[in-house]
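Visitor: I am new to this structure. Please show it to me, and explain the terms as we go.

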Amino acid sequence: MSFTKTTEQSSKYNSLESMPVGELLASINNEDKTVPYAVEKALPQIEKLVNDIVLRMQNGGRLFYIGAGTSGRLGIVDASECPPTFGVPFDLVNGIIAGGDKAIRRAVENAEDDAEQAWKDLTDMQIGLNDTVIGIAASGTTPYVIGGLAQCNRNNILTGAICCNAGSPLSQTAIHPIEVVVGPEFVTGSSRMKAGTAQKLVLNMISTTVMIRLGRVKGNKMVDMQLSNKKLVDRGAKMIVEETGVSYDDAIEMLIQYGSVRSAVDNYQSKS
């Protein structure tokens, strides 16, 4: 398979070590501005994947992200934020990184080159037919990710991919490839930059849209969020005040009694 790794092409900038700080920052910012436009071009691809994910999750399925390095860490970040934001179980959205949890903080040598390990990792988590697996790899060539998706395809498990090169092996493997072609990085080959930003934007879109379609947002509010600190309790109380017209103090009492904004509002409205 022949394709061009635009993520590895030489930066449009040179002599970076000679640039003043202001010029460095402005140049990085100028490159970053191009990322949302690249994501916009992939919206139809994202939409198809989200629709299929929602159907499976409505039937009890889960969502898995697999990746190596920066890509794997981004998947873990997105997965870990779903329970506190949307009040879903901790095993509904899962992030798996090549090399295991220790690779979250430190690179694990050669972990991304093992084409068999991702399927083993997924099997350990009892991957099933209603689940969805999204592979994340800026280059689109990571064996860990490609091998995992290939095995999922053989087992009739829905697959998606997020990569930043067009026509990559990963795109050819996934049922739903999402290609966000951001071009060369400011520092040549440093795909934690524009490619990483693009991946984060797409992950935000996927998880947020899926959760909205699953009924985890009401109006524009996170009514199922976990009330794990004072800031979130305050936010929840203000949501209840806005929705019901009760006093702030009464809203706090309702949160304590019912445990969530949704439950508090539903119980108030049922008694009204």
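Guide: First, a word we will need. A helix here is a DSSP run of H or I with at least four residues, and helices are numbered from the N terminus. Note also that the model is predicted.

Visitor: What makes residues 143-154 helix H6?
Guide: H6 has 12 residues. The definition asks for at least four, so the run qualifies as a helix. H6 reaches 16 Å from its first C-alpha to its last, close to the 16 Å expected at 1.5 Å a residue.

Visitor: What comes just after H6?
Guide: Asn-156, which takes a positive phi of about 60°.

Visitor: Which residues of H6 are buried?
Guide: Tyr-144, Val-145, Ile-146, Gly-147, Gly-148, Leu-149, Ala-150 and Cys-152. They pack against S1, strand S2 (93-97), helix H5 (117-124), S3, S4 and helix H7 (169-173).

Visitor: Why is Thr-159 called buried?
Guide: Its relative accessible area is 0%. Buried means under 20%, so Thr-159 meets the cut-off. Thr-159 is found in strand S4.

Visitor: What is Thr-159 in contact with, leaving aside its neighbours within four places in sequence?
Guide: Val-133, Leu-149, Cys-152, Asn-153, Thr-173, Ala-174, Ile-175 and His-176. Leu-149 and Cys-152 also appear among the buried residues of H6.

Visitor: What makes the pair of Thr-159 and Ile-175 a polar contact?
Guide: The side chain of Thr-159 reaches the backbone nitrogen of Ile-175 at 3.0 Å. The limit is 3.5 Å, so the distance falls within it.

Visitor: How do you know that the buried residues of H3 are on the same side?
Guide: In H3 (residues 43-57), the buried residues are Ile-46, Leu-49, Val-50, Ile-53, Val-54 and Met-57. They cover an arc of only 140° around the axis, so they sit on the same side of H3. Glu-47 and Lys-48, on the other side, are exposed.

Visitor: What do the buried residues of H3 pack against?
Guide: Two helices and several strands appear here: helix H2 (35-41), strand S1 (63-67), strand S3 (132-136), strand S4 (158-163), strand S5 (176-179) and helix H8 (194-213).

Visitor: Which residues does UniProt list for "domain: SIS"?
Guide: Residues 53-216, from an unreviewed entry. That span is 41% helix and 15% strand, and its end C-alpha atoms lie 15 Å apart.

Visitor: How is the chain divided?
Guide: Into domain 1 (6-215) and domain 2 (218-270). Their centres, taken over C-alpha atoms, are separated by 34 Å. Eight residues of domain 1 are in contact with five residues of domain 2.

Visitor: Where is Gly-236, and why is it called buried?
Guide: Gly-236 is in helix H9 (residues 230-244). Its relative accessible area is 0%, under the 20% cut-off, so Gly-236 counts as buried.

Visitor: How far apart are Gly-236 and Val-261?
Guide: In sequence, 25 residues; in space, 5.9 Å from C-alpha to C-alpha. Leaving aside neighbours within four places in sequence, Gly-236 is in contact with Met-225, Leu-255 and Val-261.

Visitor: How many helices and strands does the chain have?
Guide: The chain has 11 helices and five strands. Its C-alpha trace spans about 65 × 50 × 35 Å along the principal axes. Of its 272 residues, 44% count as buried. Among contacts between residues at least 6 apart in sequence, 69% join residues at least 24 apart.

Terms used. Residues are numbered from 1 along each chain as its sequence is written. This is a predicted model: local features need pLDDT of at least 70, side-chain atom pairs count only at pLDDT 80 or more; totals for chains, interfaces and linings use all residues. Side-chain values use heavy atoms; hydrogens and water are left out. The expected span of a helix is 1.5 Å times one less than its number of residues. Buried means under 20% relative accessible area, exposed over 50%, partly exposed in between (1.4 Å probe, protein chains only). The arc is that of the directions from the helix axis to the C-beta atoms. Contact means heavy atoms within 4.5 Å. UniProt positions are given in the numbering used here, feature names are shortened, and annotations may be inferred rather than shown by experiment. A polar contact is a pair of N or O atoms within 3.5 Å; within protein, one must be able to donate a hydrogen and the other to accept it, and residues adjacent in sequence count only if both atoms are side-chain atoms. Domain bounds come from an automatic or database domain assignment.
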